[in-house]
Amino acid sequence: CLRWNHTNAVIGSVGDGGKVFMTHTSGAVVSRLPGAGEGCGEQLKCLSISKGSRHVITGGTEGVIKVWDMKKSMLVKKLSGHVDVITGLQYNDASTHVASVSQAGDFMLHNQTSGIRIAEMRIGSGQ
């Protein structure tokens with residue numbers, strides 16, 4: 001999974017082993033999220049980068065959305081509700097809400113600040 005940051009100068013990527021890298025278009029690694037999916041058996045499947053690139057969200061086989069603070073390089077919040085592999089994540093334009101979808105077809109909308117799930121629906125299977 002790959003996502004551009006707000007300036008289109010940095011690409012966030014999820015690699016084998018659950019590693020998350022932020023790489024400048026020059027090829028230089030800007031940062032790496034320590035522990036994102038590593039050593040816990042989780043396989044990360046998707047990520048999204050907030051407006052301003054302050055936060056990165058990841059999702060994968062644990063069914064939990066993890067919110068990472070890029071300045072502190074640490075996990076700051078977990079958003080729950082999915083019971084299957086998260087296959088897609090996206091911030092809204094203001095980076096106040098997170099939309100997610102699972103392999104089972106469950107769609108959820110969370111408020112990133114409060115962590116509260118504000119909407120849930122089933123959109124089909126095999127997303």
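I started by fixing my terms: buried means under 20% relative accessible area, exposed over 50%, and partly exposed in between. I also noted that this is a predicted model.

**Entry 1: the cysteines**

By the 20% limit, cysteine 46 is buried, its relative accessible area being 2%. Cysteine 1 comes out as partly exposed, at 34% relative accessibility. I then looked for disulfides and counted zero. Why does cysteine 46 have no bond to cysteine 1? Their sulfurs are 6.0 Å apart, and a disulfide calls for sulfur atoms within 2.5 Å, so the distance is too far for a bond. Seen from the other end, cysteine 1 is in no disulfide either, and the nearest cysteine sulfur to its own is that of cysteine 46.

**Entry 2: the cores**

Next I went inside. Which residues make up the largest nonpolar core? I listed eleven: Val10, Val14, Val20, Met22, Leu33, Leu44, Leu47, Ile49, Val56, Trp68 and Met70. Three elements give two or more residues to this core, namely β2 (10–14), β3 (20–24) and β5 (44–49). The most comes from β5, with three residues. Another core, of nine residues, lies apart from this one, and I found Cys46, Ile65, Val67 and Leu89 among them. My buried cysteine 46 thus has its place in that second core.

I picked valine 56 for a closer look at its contacts. Leaving out residues up to four places away in sequence, valine 56 touches Met22, Leu33, Leu47, Ser48, Ile49, Lys66, Val67, Trp68, Met70 and Tyr91. Val67 on that list is a member of the other core, while Trp68 and Met70 belong to the largest one.

**Entry 3: the β7 and β8 hairpin**

Val67 took me to its strand pairing. How do β7 and β8 run relative to each other, parallel or antiparallel? Strand β7 (residues 65–69) and strand β8 (residues 74–79) are antiparallel, and five bridges join them. Valine 67 has lysine 77 as its bridge partner in β8. The hairpin has four residues between the strands, and there I noted that serine 73 takes a positive phi near 50°.

**Entry 4: salt bridges**

How many salt bridges does the whole structure hold? My search found four, and I wrote up three of the pairs.

Arginine 54 meets aspartate 69, with their closest N and O atoms 2.8 Å apart. This pair links distant parts of the chain, 15 residues apart: arginine 54 sits in the loop between β5 and β6 (55–60), and aspartate 69 is in strand β7. Is aspartate 69 buried or exposed? It counts as buried, at 4% relative accessibility, whereas arginine 54 is partly exposed at 31%.

Arginine 122 forms a salt bridge with aspartate 106, and here the closest N and O atoms are 3.1 Å apart. The partners are 16 residues apart, with arginine 122 in strand β12 (residues 117–122) and aspartate 106 in strand β11 (residues 106–111). Arginine 122 is exposed, at 53%, but aspartate 106 is buried, at 12%.

The side chains of arginine 117 and glutamate 120 meet at 2.7 Å, N to O. In this pair arginine 117 is partly exposed, at 37%, and glutamate 120 is likewise partly exposed, at 48%.

Note on methods. Residues are numbered from 1 along each chain as its sequence is written. This is a predicted model: local features need pLDDT of at least 70, side-chain atom pairs count only at pLDDT 80 or more; totals for chains, interfaces and linings use all residues. Side-chain values use heavy atoms; hydrogens and water are left out. A nonpolar core is a set of buried Ala, Val, Leu, Ile, Met, Phe, Trp, Tyr and Cys residues joined through side-chain atoms within 4.5 Å. Buried means under 20% relative accessible area, exposed over 50%, partly exposed in between (1.4 Å probe, protein chains only). Contact means heavy atoms within 4.5 Å. Two strands pair if DSSP finds at least two bridges between them.
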